[in-house]
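This report walks through one protein model for a reader who has not seen it before. Please keep the sequence and the structure in view while reading.

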Amino acid sequence: MREELLHFIWRNRYYQPHRLYTEDGKTVEILFPGESNPNQGPDFQNARIRLDNILLEGAVELHIRTSDWFRHGHEGDRHYKRVVLHVVWTNDWDHAPPGGAPLLVLSGRTSGSLLPLYERWMKSQTFIPCEPQLEAVPAEIWPGWTRQLAIRRLQQRSIYIRDCLEDCELRWEEVCWRMMAWSMGVPVNGPAFEAIAGSLPLRLLMRYRHDRLQLEALLMGQAGLLDRSFGQDYPVALQREYVFLQKKHTLPPPLIPLPYSRMRPAHFPAIRLSQLAGLLSDGTGWFTRIKDAPDPRS
């Protein structure tokens, strides 16, 4: 078993999904395996799992052996603090789960006879690994199958928004704010931007909508971009303003580190957060405008 193959199996759910249990006996339901993370940090971001009927959202880390957590230097690394599930092929660890994350072993959940097939699919250069087998699918199967895939995608999205609505105490404008922040962070920092938005309630931000400096200070401070020394006047002013506002409103510390690798300059976090501050300075009412728009493209 290689880690690349384990990633392939996890991402495509090529394992028996029913009656999954962690090593300490908790039931596991994988609602969404997460988005593959090519940057620094856990292997999959924004995963959604249900652990003993408790909904968890966060990162998933994969290893061949449990002890690889320490071998790869994850212990004490702040990038791995939001790991909600540690998935391994075999468990060679007799102590408490590394990092405190629940441990799920997949070796007994995947058919050994299918591993060579999965490896061939993984090495395939086609966009869809099993493309050569698609010709054997009867034509009458395709319409229902593609419709079911579309429905499943919409269901996953609606469940995500419903949970966000509950977390926002049924305030649709707050949900819209978090979704806007998430979209400004993609393709790399979507979950981190949503966490930043969740730490800054909209009613708080609207108190500073007429002061762009304070808005940027709040956003960049909660992103962890102001926790170092600066030599230029504007970053120093942002830092000074954030220290004051953070103490005034007892804001939580930044939750998710923001990577810069594999990213075009236009997507750099500081630029995107500044653009978010510009949107906030124009006021709210986004949800109403979206809901009442005569055309989705308007």
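## A salt bridge between two helices

In this predicted model, Arg178 and Asp167 form a salt bridge, with nitrogen and oxygen 2.7 Å apart. Arg178 belongs to helix H6 (residues 172-185) and Asp167 to helix H5, so the pair ties together parts that are 11 residues apart in sequence. The two partners differ in how they are covered: Arg178 is buried at 12% relative accessibility, whereas Asp167 is exposed, with a relative accessible area of 51%.

## Other salt bridges

The structure has 12 salt bridges. Side chains of opposite charge can pair when their charged atoms come close. One of the pairs is Asp163 with Arg162, whose closest N and O atoms are 3.5 Å apart. Asp163 counts as buried, at 17% relative accessibility, while Arg162 is partly exposed, with a relative accessible area of 45%. Arg48, Glu57, Arg162 and Asp163 are joined into one network by salt bridges that share partners.

Another pair is Lys291 with Asp292, where the closest N and O atoms are 3.4 Å apart. Both Lys291 and Asp292 are exposed.

## The loop between H5 and H6

What is notable about the backbone of Glu169? Glu169 has a positive phi of about 55°, although it is not a glycine. Glu169 sits in the loop between H5 and H6 and is exposed, at 60% relative accessibility.

Leu170 lies in the loop between H5 and H6 as well. Its phi is near 65°, again a positive value in a residue other than glycine. Leu170 is exposed, with a relative accessible area of 62%.

## Cysteines without a disulfide

How many disulfides are there? The count is zero. A disulfide is a covalent bond between the sulfur atoms of two cysteines, and the cut-off used here is 2.5 Å between the sulfur atoms.

For Cys164, the closest cysteine sulfur is that of Cys168, at 4.1 Å, which is too far for a bond. For Cys176, the closest cysteine sulfur is in Cys164, at 10 Å, also too far for a bond. Cys164 is buried, with a relative accessible area of 6%. Cys176 is buried too, with a relative accessible area of 8%.

## A nonpolar patch

Ile141, Trp145 and Leu149 make a nonpolar patch of about 280 Å² on the surface. Ile141 is part of helix H5, which runs over residues 141-167. With a relative accessible area of 43%, Ile141 is partly exposed.

## The two sides of helix H3

Which residues of helix H3 (residues 115-123) are buried? They are Leu115, Tyr118 and Trp121. These residues cover an arc of only 120° around the axis, so they lie on the same side of H3. The face of H3 turned away from this buried side carries the exposed residues Arg120 and Lys123.

What covers the buried residues of H3? The cover includes helix H1 (3-12), strand E6 (83-90) and helix H4 (131-134).

## The protein as a whole

The protein has 12 helices and seven strands. Its C-alpha trace spans about 65 × 50 × 35 Å along the principal axes. Of the 298 residues in the protein, 43% are buried.

The accessible surface of the protein is about 17,200 Å², and 54% of that area belongs to carbon and sulfur atoms. Among contacts between residues at least 6 apart in sequence, 56% join residues at least 24 apart.

## Summary

Several of the features above involve helix H5 or the loop that follows. Ile141 of the nonpolar patch is found in H5, and Asp167 of H5 pairs with Arg178 of H6. The loop between H5 and H6 holds Glu169 and Leu170. Helix H3, by contrast, was described by its buried residues Leu115, Tyr118 and Trp121 and by the exposed residues Arg120 and Lys123 on the face turned away from them.

Definitions and conventions:
Residues are numbered from 1 along each chain as its sequence is written. This is a predicted model: local features need pLDDT of at least 70, side-chain atom pairs count only at pLDDT 80 or more; totals for chains, interfaces and linings use all residues. Side-chain values use heavy atoms; hydrogens and water are left out. Patches are made of residues with over 30% relative accessible area and no salt bridge: like charges are joined within 9 Å, nonpolar side chains (Val, Leu, Ile, Met, Phe, Trp, Tyr) within 5 Å. Accessible areas come from the Shrake-Rupley method with a 1.4 Å probe; for residues, only the protein chains shown count as cover. A salt bridge is a side-chain nitrogen of Lys or Arg within 4 Å of a carboxyl oxygen of Asp or Glu. Helices (H or I, at least four residues) and strands (E, at least two) are DSSP runs, numbered from the N terminus. Buried means under 20% relative accessible area, exposed over 50%, partly exposed in between (1.4 Å probe, protein chains only). The arc is that of the directions from the helix axis to the C-beta atoms. Contact means heavy atoms within 4.5 Å.
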